[in-house]
Amino acid sequence: MLELRPSCECCDKALPPDATDALICTFECTFCKDCVDGVLNGVCPNCGGNFSPRPIRPASLLAKYPASTTRIVKPQGC
């Protein structure tokens, strides 16, 4: 089950479970589209992999399978 992390690891932008601009790598590193395109050039700084759109969890399942509330942010930036 995906964690659905709540924010971009680079700029800390909020990425709620229904965000259409959230992107993830194969390790669930989560970034916003602006950072992936403008700062990271499509390459995950943690694993070197590429990104895919993060799936949107249906609202009806969020109560049973809630999104993560743990923010992961790189203090030094990307």
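**Strand pairing, a buried serine and salt bridges**

Strands β1 and β2 pair in the antiparallel sense, over three bridges. The model is a predicted one. One of the bridges joins A22 to C32, its partner in β2. The sheet is open and holds three strands, in the order β2-β1-β3, with antiparallel pairing. Strands β2 (30-32) and β3 (52-53) stand at the edges. Each has a single partner strand, so one side of each is left without a neighbour in the sheet. Strands of a sheet pair through backbone hydrogen bonds, either parallel or antiparallel.

The segment before β1 (22-24) contains S7. This serine has a relative accessible area of 1%. That value is under 20%, so S7 counts as buried. The side chain of S7 makes a polar contact of 3.3 Å with the side chain of D12. Beyond the neighbours within four places in sequence, S7 is in contact with D12, K13, A14 and L15. T30, R71, I72 and V73 are also in contact with S7.

A search of the whole structure finds five salt bridges. One of them joins D12 and R71, with the closest N and O atoms 3.0 Å apart. This pair links distant parts of the chain. D12 lies in the segment before β1, R71 in the segment after α2, and 59 residues separate them. D12 is partly exposed, with a relative accessible area of 31%. R71 is also partly exposed, at 42% relative accessibility. Both residues recur in the surroundings of S7, as D12 and R71 are each in contact with S7.

Another salt bridge lies in helix α1 (residues 33-38). It joins K33 and D37, with the closest N and O atoms 2.6 Å apart. The two residues are four apart in α1, about one turn of the helix. K33 is partly exposed, with a relative accessible area of 42%. D37 is partly exposed at 44% relative accessibility. Elsewhere, salt bridges that share partners join E3, R5 and E9 into one network. Within this network, the side chains of E3 and R5 meet at 2.7 Å, N to O. E3 is partly exposed, with a relative accessible area of 37%. R5, by contrast, is buried, at 12%.

The segment after α2 (59-62) contains P66. This proline has a relative accessible area of 54%. That value is over 50%, so P66 counts as exposed. P66 and D21 are 45 residues apart along the chain, and their C-alpha atoms are separated by 19 Å.

Technical notes
Residues numbered from 1 in each chain as written. Predicted model: local features only at pLDDT ≥ 70, side-chain atom pairs only at ≥ 80, totals over all residues. Heavy atoms only, no water. Buried < 20%, exposed > 50% of the residue type's maximum accessible area, 1.4 Å probe, protein only. Polar contact = N/O pair within 3.5 Å; in protein donor to acceptor, adjacent residues only side chain to side chain. Contact = heavy atoms within 4.5 Å. Pairing = 2+ DSSP bridges. Salt bridge = Lys/Arg side-chain N within 4 Å of Asp/Glu carboxyl O.
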